[in-house]
Structures are given as C-alpha cells and as structure tokens.
Amino acid sequence: MSAFADVAAAVGHTPLIRLRQASQQTGCEILGKAEFANPGGSIKDRTALGLLLDAERRGLLRPGGTIVEGTAGNTGIGLALIGASRGYRALITMPDTQSREKIDALRITGAEVRLVPAAPYADPNHYAHVARRLAEAMNLQEPGSAWFADQFDNTANRDFHAATTGVEIWEQTGGRIDGFVCATGTGGTLAGVGRALKARNPAVTIALADPAGSALASYVNEGELKSAGNSISEGIGSSRVTANFRDAPIDLAWSIGDEESVPWVHALMAGEGLNVGGSSGVNVAGAVRLARALGPGHTIVTVLADAGSRYRAKLFNPAFLHAKGIPVPAWLQRAFPEADT
C-alpha cells in the first residue's frame, strides 16, 4: 500500500507538461509545471506549507491556534486546508474584487473570510494590513492565540520554493534547463526557484513576466517602481518590493498585457486540454518571449499556477472579455452564446 500521511504530504512533486503550441511556435521546449495538481489547486499550497512548517519549528503556532492571513485567495485556501489537517483554524482577509469562484472556494474550506475593499499597499486598509491588525488584536486578548503568516515579507516562502519547487524543476529536467520564467506577487516562487537554479547553474536565465499595471518589470529594468495599464489577472503583480522579491536573481523582465496573455489561456484549453488561470497565461506569454530572446533549441520552464475554473466569470465570459477589448475565440462564444454578466 502507498498512501500519504495527510494532505500536507501531497503538496509538491507536480509534473512537467510540454506545452505543444508554445514549443512549436518558438522552436524551444517549453514546459509547464502543473501546480494546479496540488491538493488545494494552486502553487500557493507550497507557500502555505512552507510558512506553516517554519512557524511550527519556531514555536509561533500553538495547538488549536488561528492562522491569520491577507490573501488574494489561493494562499488562504492552502493555509486553511493544510491548517485544518493540523488542527488550526483560519481567518482570512481578502479584497472584494477577487473572483466569486475563488471567494467561494476559500469559504468552502471552513475558513472565516472577511472581504475588504481593494486598496493600495500604502493604505492602512490594504487587506494585508487588516490581517496583521486582526492577529495583533487576537494576541492582545489571548497571547499566542493567533499567527500572522505574512506571505509577502516572510522569507520562509522564498526558502521553501528554493528547497522544493526549484529542486524539482532541476531534477525533472535532468539539469538541462536554459531558462525559467513566471509572474510574481509575493516574490516567493520566482526568487526561490531562481536561487535554486542559479546555485546549480549560474547560466540559467531567470525572467519575470509582469502583468500590465504592476511596477516590478520597471523596477528590474530601470530601478524604479513605475506602472502603466491594468490587467484582469488576479494574485500577481505588485507596486512594491517585498522581502521575498528583494535580491531575486532576475536577468530579464517584461510587462505583458491581457491581449497577449489571455489568448494563451484560451489556446491551452482548446488546443491542449489545460484548464489554467490568468497568471498562467502571463507565464506562458513570458515563456514565449524568453524563448525568442534565447533562440531555438533551448529548454524553458514556467508555472501553470492554478485552474481557470476559479475565474470562469472573467476568463471564460465573452461579455466580460468583449468589454475589456480582449479577443474571444469562436469556440468560447459558441459555448456561452448569451450575455453573461
């Protein structure tokens, strides 16, 4: 008999999948790490597990305690699921602009979800600041009862990706990898994987695929946080340099608009049976850019971060896409012929 001891043991060891269309277009081998195969449905299960294990090692979480976190959704889902398996409760703050599907997925975990108006990080009412204050208030009332996970600036996030995601990619490619590219929100995946791969081969190119509206590509290329445009992608992009992102070994960076990334979401679904979310579209668009920068014959890995079913009302809604000026493939228009708002 072969069985995992609990849900935490099932996190990671996700497969690499060859992305046929992107590979054919570029003459490179473009591979997607199928992080949607994690038990909570996203790469953020790794972040959640890394943060929890570090907190337990440091004695920051006591039995029956409450995990408190501000999240766009997926990290909260991972924390709630893995936390429940270890006897913890979860209190999650989340912007009310996130997809209904993702909000519902978080509530299904049994977490207490508090939606807050979307606000920039500089605003004291940003969801991460609200979460921190909630944890502090709980600990004032009952010392040690709550732990603020702090996924953006807790570098256990980055360290766990270096120890797991990056190592897996190196082993799965047999060390024959020329480039890695992905978008970033907290910075944990890109910085962690980048460090792991560069430690094994400094010649591996690490690239940032940044959604329009985020300031990180400008920061990498010009040393200044500047943003332009906006994106329908959720959970990625940033207006600040987090502790996890700081000193990430990034060689190239691009700002990628929805008109370039969303068609990849649709193409992967229709042409390769891959149901992925908006961040994965940004990642694949970035992988294509990196392939063209390096030239044919190279192997490039990116991340398929979560499933598109968590964003149905946006990514697979013809009315919404038309309103945003994003191309709607004929098969999607046929699937939803009536306006869906």
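These are my notebook entries on a few parts of this predicted model.

**Entry: the open sheet**

I began with a sheet and asked in what order its strands lie. I found four strands in the order β5-β4-β3-β6, with parallel pairing, and the sheet is open. A reminder to myself: strands of a sheet pair through backbone hydrogen bonds, either parallel or antiparallel.

Next I wanted to know which strands stand at the edges. They are β5 (112-116) and β6 (146-148); each has a single partner strand, so one side of each is left without a neighbour in the sheet. Neighbouring strands here are turned by 20° against each other on average, ignoring direction.

I then looked at one pair up close. Strand β4 (residues 89-95) is joined to β5 by five bridges, and the two run parallel. If you want to find one of the partners yourself, start at M94, whose bridge partner in β5 is L115.

**Entry: helices on the sheet**

I looked up what packs here. Helix α5 (residues 127-141) packs on the sheet and touches β3, β4, β5 and β6. Its direction makes about 155° with that of β3. Helix α3 (residues 74-85) lies across β3 (66-70), β4 and β6, and runs at about 170° to β3.

**Entry: α10 against α11**

How do these two helices pack, I wondered, and at what angle? Helix α10 (residues 258-272) and α11 meet at about 105°, with their axes 7 Å apart. Angles of 65 to 115 degrees count as roughly perpendicular, and α10 and α11 are therefore roughly perpendicular to each other.

I listed the residues that make the contact. From α10 come E260, S261, W264, V265 and L268, and from α11 come G278, G281, V282, V284, A285, V288 and R289. Sorted by class, I have seven nonpolar, three polar and two charged residues.

**Entry: G295**

I followed the chain on from α11 (278-294) and came to G295, in the loop between α11 and β10. Is G295 buried or exposed? Buried means under 20% relative accessible area, so at 14% relative accessibility G295 counts as buried. I also checked the distance from G295 to P337: they are 42 residues apart along the chain, and their C-alpha atoms are separated by 41 Å.

**Entry: helix α7**

Last, I turned to helix α7 (residues 165-172), where the buried residues are T165, G166, V167, E168 and I169. They pack against β2 (29-34), α2 (44-57), α6 (156-163), β7 (179-182), α8 (188-200) and β10 (299-304). Just after α7, I noted that G174 takes a positive phi of about 60°.

Terms used:
Residues are numbered from 1 along each chain as its sequence is written. This is a predicted model: local features need pLDDT of at least 70, side-chain atom pairs count only at pLDDT 80 or more; totals for chains, interfaces and linings use all residues. Side-chain values use heavy atoms; hydrogens and water are left out. Buried means under 20% relative accessible area, exposed over 50%, partly exposed in between (1.4 Å probe, protein chains only). Contact means heavy atoms within 4.5 Å. Two strands pair if DSSP finds at least two bridges between them. Axes are lines fitted to C-alpha atoms, for helices over the stretch in contact, and angles run from 0 to 180 degrees between N-to-C directions. Angles under 35 degrees count as roughly parallel, over 145 as roughly antiparallel, 65 to 115 as roughly perpendicular and the rest as oblique. Ala, Val, Leu, Ile, Met, Phe, Trp, Tyr, Cys and Pro count as nonpolar, Asp, Glu, Lys and Arg as charged, and the others, Gly among them, as polar.
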